[in-house]
Amino acid sequence: MQMNRRDFLKLTAAGAAAFVSRASRPLIAGKMPATRTAFSVGSAQNKPNVLFMAIDDLNDWVGCLGGHPYVKTPNLDRLASRGVLFTNAHCSAPACHPSRASLMTGILPSTSGIYKNPNPWRKSPVLKNAVTIPQHFMAHGYSAVGGGKIYHGGFPDPPSWQSYFPSQQKNKPDDPMPPNRPVNGIPKTSHFDWGSVDVPDEKMGDRQVAAWATKELRKKHNKPFFIGCGFFRPHLPWYVPRKYFDMYPPDKITLPNVNENDLDDVPELGKKMAKPQGDHKKVIEHKQWRKAVQGYLASISFVDTCVGMVIDALEQSAYADNTIIILWSDHGWHLGEKLHWRKFSLWEEATHNVLMAVVPGVTRPGGRCSRPVTMLDIYPTLIELCNLSEKDEIQGKSLVPLLKNPEAEWQRPALTTHGRNNHSLRTERYRYIRYSDGTEELYDHDKDELEWKNLAGDPKYADVKKQLVKWLPRTNIPEITKAKAKKKRT
Ligand SMILES: [Ca+2]
Ligand SMILES: [Ca+2]
């Protein structure tokens with residue numbers, strides 16, 4: 001059975017309505033979240049704590065976002081129901097490293113030159129001395145500790161933290177591997193693999209990160225704290241304990257709704273990003289589509305339990321009333337849509353990510369915001385919420401007005417960049433893509449949520465395009481490659 005995203009949403013709408021009414025009940029008897037006004041934003045002496053949670057490679061296959069009808073994410077749904085869920089949030093770059101480098105510094109990829117995973121971010125003249133979010137918190141009297149994947153693998157940033165789990169240089173604990181790889185039978189796939197591992201949850205790296213965060217939250221803190229807690233799944237390989245695979249029998253799985261001719265009206269540079277002859281061809285040839293979807297869903301439910309552990313620990317701690325929770329994923333993921341797999345594209349599946357925030361005294365339970373926002377907006381939001389000094393160089397916009405009122409006015413489209421001068425702009429209604437050679441795509445989400453029909457060449461939309469191009473960045477600095485950085489040094 002195949003369904004599209006809109007069908008998914010219809011199916012889950014009733015559940016979501018029931019969910020909101022459940023969510024408005026007190027979480028703990030006698031304690032309504034809405035009355036938690038232990039601090040108020042804007043008052044200089046207040047320094048709320050921050051629990052900053054990241055999930056790697058999680059697209060909108062989350063119960064409350066309706067991206068897949070059967071995904072089970074009770075903990076993420078519970079967290080979203082307590083505050084504001086951004087349903088139209090997008091990454092600044094559809095790859096781990098550039099997305100995170102821009103989120104943590106507040107600087108666009110087109111300004112920094114950090115477009116791709118191998119680009120050394122601290123070698124960018126713009127980011128060399130950039131003050132990251134946790135550094136800015138430390139400068140304002142906070143403690144800042146981290147665990148798991150906040151920065152991308154090869155680029156840890158010790159100046160950002162006072163301490164790190166497992167260590168300042170090795171940010172991610174190891175994961176158990178199945179004995180015979182690849183499990184999916186696709187040769188030479190490296191980590192593009194999925195299958196269960198027969199280990200207890202405690203052996204999983206993310207679970208160890210959750211246990212570390214739990215311990216941090218139970219400590220007595222003499223200073224306001226910033227805790228960064230980053231989970232690695234559902235990043236590949238999708239090896240998680242068997243019980244999570246058992247939640248999704250492959251014969252009952254719904255596959256994404258894919259149009260075989262979808263790339264026919266996509267410009268060459270877009271086709272190059274999709275690489276239909278790559279992963280998609282292999283997945284089909286090896287009859288692995290269902291099993292891959294099962295692996296991704298299983299990995300999501302596994303990471304959801306890790307999120308649950310941490311939010312339970314906060315709830316039971318002394319800091320439940322004065323801690324901001326912000327949870328994000330670094331980009332989305334294709335599982336065959338546009339004959340593409342992974343991220344690395346400018347379409348909805350790759351740019352749409354997860355963003356939710358619970359801010360005591362500011363957000364109300366059950367808030368949903370459909371304004372187009374980006375991960376770049378997190379930094380200025382935290383500055384405003386925690387009364388940190390403003391930073392002129394950061395390029396996002398504070399989300400505080402939307403946290404207070406999810407329907408507040410918001411003019412900016414969400415900008416995503418993949419490689420130099422390839423951009424996508426997402427408004428509430430449209431997605432506009434312009435590649436470096438000037439070719440374009442335009443999709444109308446009111447009629448075409450799956451972005452199948454490229455309207456860029458239709459003169460009826462000339463004015464829509466004219467309004468959108470104004471938002472494209474004017475600066476597009478060259479990519480900072482390892483070779484270039486090395487050359488500069490010598
Ligand atoms: Ca990622
Ligand atoms: Ca198409």
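## Close-up views of a predicted model

**View 1. The calcium site and its buried donors.** D330 has a relative accessibility of 0%, so this residue counts as buried, being under the 20% limit. The model shown here is predicted. The neighbour in sequence, H331, is buried too, with a relative accessible area of 0%. Both residues serve the calcium ion (ligand 1): D330 offers two OD atoms and H331 its NE2. D56 (OD), D57 (OD) and C96 (SG) complete the list of donors, and the distances run from 2.1 to 2.8 Å. Along the chain, the donors follow the spacing D-D-x38-C-x233-D-H. The six donor atoms subtend angles of 51 to 158 degrees at the ion, so the arrangement is irregular.

**View 2. A tilted pair, W161 and F226.** Here is one view from a structure in which a search finds 19 aromatic pairs. The ring centres of W161 and F226 are 6.3 Å apart and the planes meet at 35 degrees, which makes the pair tilted. W161 belongs to the loop between strand 4 and strand 5, while F226 is in strand 7 (residues 225–231), so the pair links parts of the chain 65 residues apart. W161 is buried at 5% relative accessible area, and F226 is buried at 0%.

**View 3. An edge-to-face pair, F225 and Y319.** In this aromatic pair, the centres are 5.1 Å apart and the planes stand at 90 degrees. F225 lies in strand 7 and Y319 in the loop between helix 10 and strand 10 (323–329), 94 residues apart. Both rings belong to buried residues.

**View 4. One aromatic cluster.** Step back from the W161 and F226 pair, and both residues turn up in a single aromatic cluster. Its other members are F52, W121, F137, Y142, Y151, Y164 and W328.

**View 5. Helix 10, mostly covered.** This helix takes in residues 289–315, 27 residues in total. From first C-alpha to last it reaches 39 Å, close to the 39 Å expected at 1.5 Å a residue. Of the 27 residues, 22 are buried.

**View 6. P156 and its surroundings.** Look for P156 in the loop between strand 4 (143–148) and strand 5 (163–165). Beyond its neighbours within four places in sequence, P156 is in contact with Y151, Q168, Q169 and N171. Q316, 160 residues from P156 in sequence, is 31 Å away, C-alpha to C-alpha.

**View 7. Lysines over rings.** K338 lies over the face of Y443, 5.2 Å from the ring centre. The charged end of K397 sits over the ring of W410, at 5.5 Å from its centre.

Note on methods:
Residues are numbered from 1 along each chain as its sequence is written. Chains are lettered from A and ligands numbered from 1 in the order in which they are written. This is a predicted model: local features need pLDDT of at least 70, side-chain atom pairs count only at pLDDT 80 or more; totals for chains, interfaces and linings use all residues. Side-chain values use heavy atoms; hydrogens and water are left out. Helices (H or I, at least four residues) and strands (E, at least two) are DSSP runs, numbered from the N terminus. The expected span of a helix is 1.5 Å times one less than its number of residues. Buried means under 20% relative accessible area, exposed over 50%, partly exposed in between (1.4 Å probe, protein chains only). Donors are N, O and S atoms within 2.8 Å of the metal (3.2 Å for Na, K and Ca); water is not among the atoms, so sites may look incomplete. Four donors count as tetrahedral if all angles lie between 85 and 135 degrees; four count as square planar and six as octahedral if opposite donors are over 155 degrees apart and all others between 65 and 115; anything else is irregular. Contact means heavy atoms within 4.5 Å. Rings of Phe, Tyr and Trp (its six-membered ring) pair if their centres lie within 6.5 Å; planes under 30 degrees apart count as stacked, over 60 as edge-to-face and the rest as tilted. A charge sits over a ring if NZ of Lys or CZ of Arg is within 6 Å of the ring centre and within 35 degrees of the ring normal.
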